[in-house]
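Student: I should like to take a close look at one part of this model, and then to see how the account extends to other parts of the chain.

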Amino acid sequence: MSETPVQALRFDVITLFADMFAAVSACGVTGRAWQQRKWLLELWNPRDFTEDVHRTVDDRPYGGGPGMVMRVEPLEKAVLAVLESRRQAGYGSAVPVVLLSPQGRPFNQAMAQSMSVSEGAIFVCGRYEGIDQRFIDKWVSAEVSVGDFVLSGGELACMAMIDASVRLLPGVLNDDLSAVQDSFHASLSGLLDCPHYTRPEVYDDMPVPAVLQSGHHANIARWRREQSLMASANKRPDLIERAREAGLLSPADERFLASLNGKASPGQ
Ligand code: 9WO
């Protein structure tokens, strides 16, 4: 069992591109939550931890080849400064040092959930062709990927993780029904979401499904569940299997799925 954090969720990000993080600290629900001090963001530039006149954070790769590699010393000094700053602010010392990397463990909702109830993390965002392996070996406790593609740097991946965690904090989602919202998300059982509609009632000869205008809440709930099951069975059968193994599919769900078998999938 992990300790309930006393301190607010705090992310320390080591990055050459601090400006990018306005996307999470100044925009949308995460921006409002940041203004309300529901989570804290500290940005650390490795360039501020250089000693040479040119403030170099990169150097040529041993063994040759194209591009540059991030040097150990500025990154290590940045990590040490973060650890000291967090200690002074009363944070625990067991904070994970997370490197965003395509070689990392795939990020998922369960990781976002556990991060949101923790004291946060230290993120290291690489640039250039990569980071000197000795920094990773000495300081990085987890490598995490947000997908099988290569970015220009770890920052966008880092912000995806921050966004996914912060929106789970109590009171962050904009409506007063966040408790309802939470149970709604839990009720998805890890399946894909159902389709959503708003006005106009008819757009380009496409009407809003009649059931959604019926006012019959049980029928609406059943339609949404079946849409989720159908979309998941068609596009992500692995999610159906996972929900089944977790005991999250009811007998009615199983009957509906059985009724889909052999039928062509409507749409997409
Ligand atoms: C780039 C790369 C390319 C092919 C095979 C392995 C690789 N590792 C890296 C890498 O770690 N690069 C560093 C961070 C430096 C250059 C840009 N970086 C990066 C991180 N690109 N893409 C990511 C990333 C992070 C998390 N999820 C997906 C991609």
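Student: Which backbone N or O atom lies 2.9 Å from a nitrogen atom of the ligand, beginning with the one that belongs to a leucine?

Tutor: The model is a predicted one, and the distances and angles below are computed from it. The leucine in question is Leu 151: a nitrogen atom of the ligand has a backbone N or O atom of Leu 151 at 2.9 Å. Val 146 also takes part through its backbone, where an N or O atom is 2.9 Å from a nitrogen atom of the ligand. Gln 103 contributes through its side chain instead, with an N or O atom 2.8 Å from a ligand nitrogen. These three residues belong to a wider surrounding, since 18 residues are found around the ligand. Those that come nearest are Gln 103, Tyr 128, Val 146, Phe 149 and Leu 151.

The packing of helices may be considered next. Two packed helices are described by the angle between their axes and the distance between those axes. For helix H4 (residues 109-116) and helix H6 (residues 155-166), the axes come within 8 Å and cross at roughly 70 degrees. H4 and H6 are therefore roughly perpendicular to each other, and their crossing is right-handed. On the H4 side the contact is made by Ala 112, Met 115 and Ser 116, which meet Met 161, Ala 164 and Ser 165 of H6. Sorted by character, the residues of this contact are four nonpolar and two polar, with no charged residue.

A second pair is formed by helix H8 (residues 217-235) and helix H10 (residues 251-260), whose axes come within 10 Å and cross at roughly 50 degrees. H8 and H10 are therefore oblique to each other, and H8 passes H10 in a right-handed crossing. From H8, the residues Arg 225, Glu 226, Leu 229, Met 230 and Ala 233 meet Asp 253, Phe 256, Leu 257 and Leu 260 of H10. This contact divides into six nonpolar and three charged residues, with no polar ones.

Arg 225, which lies in H8, merits a closer view. Its side chain is joined to that of Asp 253 by a polar contact of 2.7 Å. Leaving aside residues up to four places away in sequence, Arg 225 touches Ser 187, Leu 188, Ser 189, Leu 191, Leu 248, Leu 249 and Asp 253.

Two backbone features complete the account. Most residues other than glycine have a negative phi, and most peptide bonds are trans. Arg 37, in the loop between helix H2 (28-35) and strand E2 (39-44), has a positive phi, near 60 degrees, although it is not a glycine. The peptide bond from Arg 199 to Pro 200 is cis, with omega near 5 degrees. Pro 200 is placed in the loop between helix H7 (178-187) and strand E9 (202-203).

Note on methods: Residues are numbered from 1 along each chain as its sequence is written. This is a predicted model: local features need pLDDT of at least 70, side-chain atom pairs count only at pLDDT 80 or more; totals for chains, interfaces and linings use all residues. Side-chain values use heavy atoms; hydrogens and water are left out. Axes are lines fitted to C-alpha atoms, for helices over the stretch in contact, and angles run from 0 to 180 degrees between N-to-C directions. Helices (H or I, at least four residues) and strands (E, at least two) are DSSP runs, numbered from the N terminus. Angles under 35 degrees count as roughly parallel, over 145 as roughly antiparallel, 65 to 115 as roughly perpendicular and the rest as oblique. A crossing is left-handed if the near helix is turned anticlockwise from the far one by less than a right angle, and right-handed if clockwise. Contact means heavy atoms within 4.5 Å. Ala, Val, Leu, Ile, Met, Phe, Trp, Tyr, Cys and Pro count as nonpolar, Asp, Glu, Lys and Arg as charged, and the others, Gly among them, as polar. A residue is near a molecule or strand if one of its heavy atoms lies within 4 Å of it. A polar contact is a pair of N or O atoms within 3.5 Å; within protein, one must be able to donate a hydrogen and the other to accept it, and residues adjacent in sequence count only if both atoms are side-chain atoms.
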